[in-house]
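Me: I'd like to learn how to read a protein model. Can you walk me through one?

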Amino acid sequence: MSQAAIVTQGLTRTFGGLVAVDNVSFQVEAGQFFGFLGPNGAGKSTTIRMLTGLLAPTSGSMQVLGLDFQQNPIEVKQQIGVVPEGLALYDRLTGKEYLNFVGRMYGLDRATAAQRAAELLDFMDLADREKTLIVDYSHGMKKKLALAAAVIHGPKILFLDEPFEGVDAIAAGTLKNMLHSMTSRGATIFLTSHVLEIVERLCSHVAIIYKGRIVAHGSLDELRAGVAAARPDESAGAPAEKLTLEQIFLAVVGQEGAVRKSEDELSWLK
Amino acid sequence: MAEVNRGLGISEQVRLVVGLRWRLFRNGLRKSTAKMNFIMTVITEVIWSLMAIGSGVGLIIAGYYLAEHGNTKVFTIILWAFAFFWQFIPVITAQFAPDFDISGLLRFPLRFPVFFALSVSYGLADPIALTCVFWHICLGIGISIARPDLALWMALVLCASILMNLLFNRMVFTWLDRLLAKRRSREIMVVVFMLFVIAIQFSQFLFRQEGSRIAHALTRWMPVLTMLPPGRVAAGLVAAFQGRAADAFIATGGVLLYAVAFAGLYTIRLKARFRGEDLGESAAPSTRRPVTSRAARAIPVVAVPDKGIHLLRAPVAAILAKDFRYFYRNTAMLMNLVLPLILVVLLRMSAMNVARGGVPHSNFLTGDFGYPSAMFYVFLLTSQLCQNSLAYEGRGVERLFLSPVAFCDVMMAKNIFQGFLMTAEALFVLGIVVAMGPTPRMAVLLATWAGLPFVALIHFIAGNWLSIQFPRKFEFGVRRQSAAGMTILISMGILLGTMLMVSLTAALTIWLAGLWLLPIVYLGMSAAMYAFYRLALGATTRQALLKQEALLEQLAK
């Protein structure tokens, strides 16, 4: 039986009167490539910020690799890698200096940090810009560097907030290879993305959050079967195994949150 | 049929933008720290306004007196002073800080005249510009009371002066924006500017020795100076006084011609911005061929912890190394530490000059107290490093919270870095004092060095608390950015309190036992403060956790 990598129980976060994440409970098994989906403002970033220690939950608990996050923040952070929305880069360092810095922050010795930094820069195709300050990097280069920083200490769980946004197809291919390589060696990956095709291609398990609540959670096959069973009339034309993640997403989130009939509204648009 | 869009009138567009600015301001006050900072800004602005009103009253009296006595030559000096104040003080105070980016409005269907008008009007939304306009009005009122027959002429000439100064100011700043768009040119400019400030400091010695020759040279340049805009404004005033209507008209026309020329140069830049010119820095694409076929290499899943025995733990050493890199890449920070040393040299030179002149009490700065008082002055400037320690973290502050590091380690690394800089400054000051002589007595030196940790540790304790409680983001390479209002107020109180404590202790110890005991007393105080510092440092982890969201919001925005 595999150990759960992430377990949340009744996770809730409010901002004043707004409930951004409402009683969210889910579980991610070790070694899973987990996709966390939801429309804009659904609570994806708030959840991932709580799971990585950037935001304190209002109530509820989180366990990472069996450790309670709030009780053992240092031990948990030691085992996770994060690419946050803002990338958390130091603009006035070079890529090499930044990776060395992050490696040392995770307690690596000087030689190991330097060696891994060099390897990662080479792998991410950033080695020729090692003297360039990060402020002068393009957005895609920054993203690759942030991912390199997230894995330099060999985390057991990787949290990625929109990792492929602004990354070109070649770089995206390289990153996907690296992520697959990590999961095949036992790492767990928790990923949020707006691009459903990417999630469908990469992830084995998915959770869908809508208006702060988890509305679906399971493997892609389980979700397909669930949607097909719940709406036999609409999915009659498409066998359950053929349902795309987009169809599942729309079926779960529903017409309210997804697509409006444009001919009835905004009629002044030409 | 859909309603056809009609273009908004200029006044409607301006009203919309003013409304936007008001909402931005109002929404910015939602947080309590923003409200407190706003109160501090209001207090500062009230003080500034009182000073401006006081000087304005003075100008009314001066204008009246000068017009009454026909002493028109002084107008030239006053108008040059106005121009100097308007054009140079913003450069010194703003220090090339990023302004409100008006080009952000270009996404809306603004017409160029509106864009132009808004951009010019931003030039007036500045206390210095408003003060200068106010001074022009006061001068005009003073003159008009003395010579009511010239009131209309005064209004015309001074309005032309205001317009010319405003357009010149906008034109210069817009071209500076273009010039400073690149990081490297910005940093070069900061260094050039600092050299200019230092040159001004040294100029007093030049004037002392070569004053008459410089004055003579300047009088030879007077005809040229009168042809420049402030000179033309003064010429218009003088001609009006002397009843030479044609000359007054020509001089005022000259001022307006200058205004048109500045407007033209300004329009060139503004048109480029209006057409979508981007002054941002973007990276050149890599020339190296992309690696596409490389197989994904295995990333180690098990970390290798640092098991070596070192003076500092790996995260502390990492933050320290990062801060040193940020320091030597930040010309503004470097100059902030070099400048106090130059000023110490200048102060000491002045004190020695005065001492040679036999002025009593002048040995305060050159005698036994020379070194401690120089250190106090340097501390006054370097202690600012502690007040807002996280200012340059930017988005990197997220990394500090993501890493498995207690926040007290982050603050400890910051304090070690600050302590290193303070020690370096103290050594440099000692070098200056010894080189310029006379060397202070050993007991004074020992007492100063024994007291330094005490003062530094108090600043670390207060600075750590302030840095977490009232963080403010600083732009890289920009000088004279101020910390939050509360930070400035509290740090000033702490600095004065500390100095009072140190001075009273010194006075009491010398009176009771003699100077020899002072180093020992200070050493004891430093040791006690270190124990207190350890306690306070430990508390920063919890404090940072409580303020984490505010820190991320303030610094990573």
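Reply: Sure, let's go through a few features of this predicted model.

Me: What does the secondary structure of chain A come to?

Reply: Chain A has nine helices and ten strands.

Me: How do strands make a sheet, and in what order do the four strands of the open sheet in chain A come?

Reply: In general, strands of a sheet pair through backbone hydrogen bonds, and the pairing can be parallel or antiparallel. Here the order is E2-E1-E4-E5 in chain A, with antiparallel pairing. Strand E2 (18-29) and strand E5 (67-68) of chain A are at the edges with a single partner strand each, so one side of each has no neighbour in the sheet.

Me: How many bridges join E4 of chain A to E5(A)?

Reply: Two bridges link strand E4 (residues 59-64) of chain A with E5(A). To see the two strands side by side, find Gln63(A), which stands opposite Asp68(A) in E5(A).

Me: What radius of gyration does chain A have, set against a compact globule?

Reply: A compact globule of 270 residues would come out near 18 Å, and chain A has 20 Å, which agrees. Its C-alpha trace spans about 60 × 50 × 40 Å along the principal axes, and 49% of the 270 residues count as buried.

Me: And how far does helix H2 of chain B reach?

Reply: H2 (residues 32-68) of chain B has 37 residues and reaches 53 Å from first C-alpha to last, close to the 54 Å expected at 1.5 Å a residue. Its buried residues include Gly56(B), Leu59(B) and Gly63(B). After H2(B) comes Gly70(B), with a positive phi near 65 degrees.

Note on methods
Residues numbered from 1 in each chain as written. Chains lettered and ligands numbered in written order. Predicted model: local features only at pLDDT ≥ 70, side-chain atom pairs only at ≥ 80, totals over all residues. Pairing = 2+ DSSP bridges. Rg over C-alpha atoms; globule rule 2.2 N^0.38 Å. Buried ≥ 20, exposed ≤ 12 C-beta atoms within 10 Å, placed from the backbone. Expected span 1.5 Å × (residues − 1).
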